[in-house]
Amino acid sequence: MDPNKTLYENLGGEKGVRALVEAFYPKVQQNELLSPLFPEDIDPVMEKQYMFLSQFFGGPSLYSDAFGHPMMRARHLPFPVTEERAQAWLSCMAAALQEQDLPDSVREFTLKRLSGPAYHFINTPSP
């Protein structure tokens, strides 16, 4: 990981973040805990995720420019996010990161950076 670059740049900028999102969502759609939370037409979700992650990783503020402040916890409140679902989400992201041509340090840092928000969105007790 190059400490002189943003995470967005370390991931490969626009192309890298888009590739990550495109590798991630098929895994989400196949995950029995996560797939019920997402619409059948996943394309708009993927585009919003691309926009959000670009911004979250230090790239252009695409999400805020289009939708205002992310308020991600509030946006996830309508969905029952359990600890198991947060872990499943992170597992799908870890698998998507493994498919990218990235140094291990970038993969590890990215997953660590996403772990805080993933657990912050938990709003439903585990069954």
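In which hand, left or right, does helix 2 pass helix 6 in their crossing? Helix 2 passes helix 6 in a right-handed crossing, and the account below, which rests on a predicted model, sets this pair beside two other helix pairs and a pocket.

## Helix 2 with helix 6

Helix 2 and helix 6 pack with their axes 8 Å apart, at an angle of about 135°, and that angle makes helix 2 oblique to helix 6. On the side of helix 2 the contact is made by Leu-20, Ala-23, Phe-24, Lys-27 and Val-28, while helix 6 brings Trp-89, Cys-92, Met-93, Ala-95, Ala-96 and Leu-97. Sorted by class, the residues of this contact are 10 nonpolar, no polar and one charged.

## Helix 2 with helix 3

Helix 2, which spans residues 13–30, also packs against helix 3, which spans residues 43–56, at an angle of about 135° and with the axes 9 Å apart. Helix 2 and helix 3 are therefore oblique to each other, and their crossing is right-handed. Helix 2 takes part through Glu-14, Val-17, Arg-18, Val-21, Glu-22, Phe-24 and Tyr-25, and helix 3 through Val-45, Met-46, Glu-47, Gln-49, Tyr-50, Leu-53 and Ser-54. This contact of helix 2 with helix 3 holds eight nonpolar, two polar and four charged residues.

## Helix 6 with helix 7

The axes of helix 6 and helix 7 come within 10 Å and cross at roughly 160°; since angles over 145 degrees count as roughly antiparallel, helix 6 and helix 7 are therefore roughly antiparallel to each other. Helix 6 passes helix 7 in a right-handed crossing. Among the residues of helix 6 that meet helix 7 are Glu-83, Trp-89, Met-93 and Leu-97, and among their counterparts in helix 7 are Arg-107, Leu-111, Leu-114 and Tyr-119.

The classes of residue in the three contacts are set out here.

| Contact | Nonpolar | Polar | Charged |
|---|---|---|---|
| Helix 2 with helix 6 | 10 residues | no residues | one residue |
| Helix 2 with helix 3 | eight residues | two residues | four residues |
| Helix 6 with helix 7 | 10 residues | four residues | two residues |

## The largest pocket

The largest pocket encloses about 740 Å³ of space. It is lined by 25 residues, of which Tyr-25, Phe-38, Gln-49, Met-72 and His-76 are the closest to its centre. Two or more residues of the lining come from each of helix 3, helix 5 (72–76), helix 6 (83–98) and helix 7 (104–120), and helix 3 gives the most, with six residues. By class, the lining of the largest pocket divides into 19 nonpolar, three polar and three charged residues.

Some residues appear in both parts of this account: Tyr-25 and Gln-49, which belong to the contact of helix 2 with helix 3, are also among the residues closest to the centre of the largest pocket.

How values were computed:
Residues numbered from 1 in each chain as written. Predicted model: local features only at pLDDT ≥ 70, side-chain atom pairs only at ≥ 80, totals over all residues. Heavy atoms only, no water. Axes fitted to C-alpha atoms, helices over the stretch in contact; angles between N-to-C directions. Helix = DSSP H or I, 4+ residues; strand = E, 2+ residues; numbered from the N terminus. Parallel < 35°, antiparallel > 145°, perpendicular 65-115°, else oblique. Left-handed = near helix turned anticlockwise from the far one by under 90°. Contact = heavy atoms within 4.5 Å. Nonpolar A, V, L, I, M, F, W, Y, C, P; charged D, E, K, R; others polar. 1 Å grid on protein atoms, 1.4 Å probe; cavity = no way out; pocket = protein on both sides within 12 Å on 5 of 7 lines; lining within 4 Å. Points joined across faces, edges and corners; volume = space filled by probe spheres on them.
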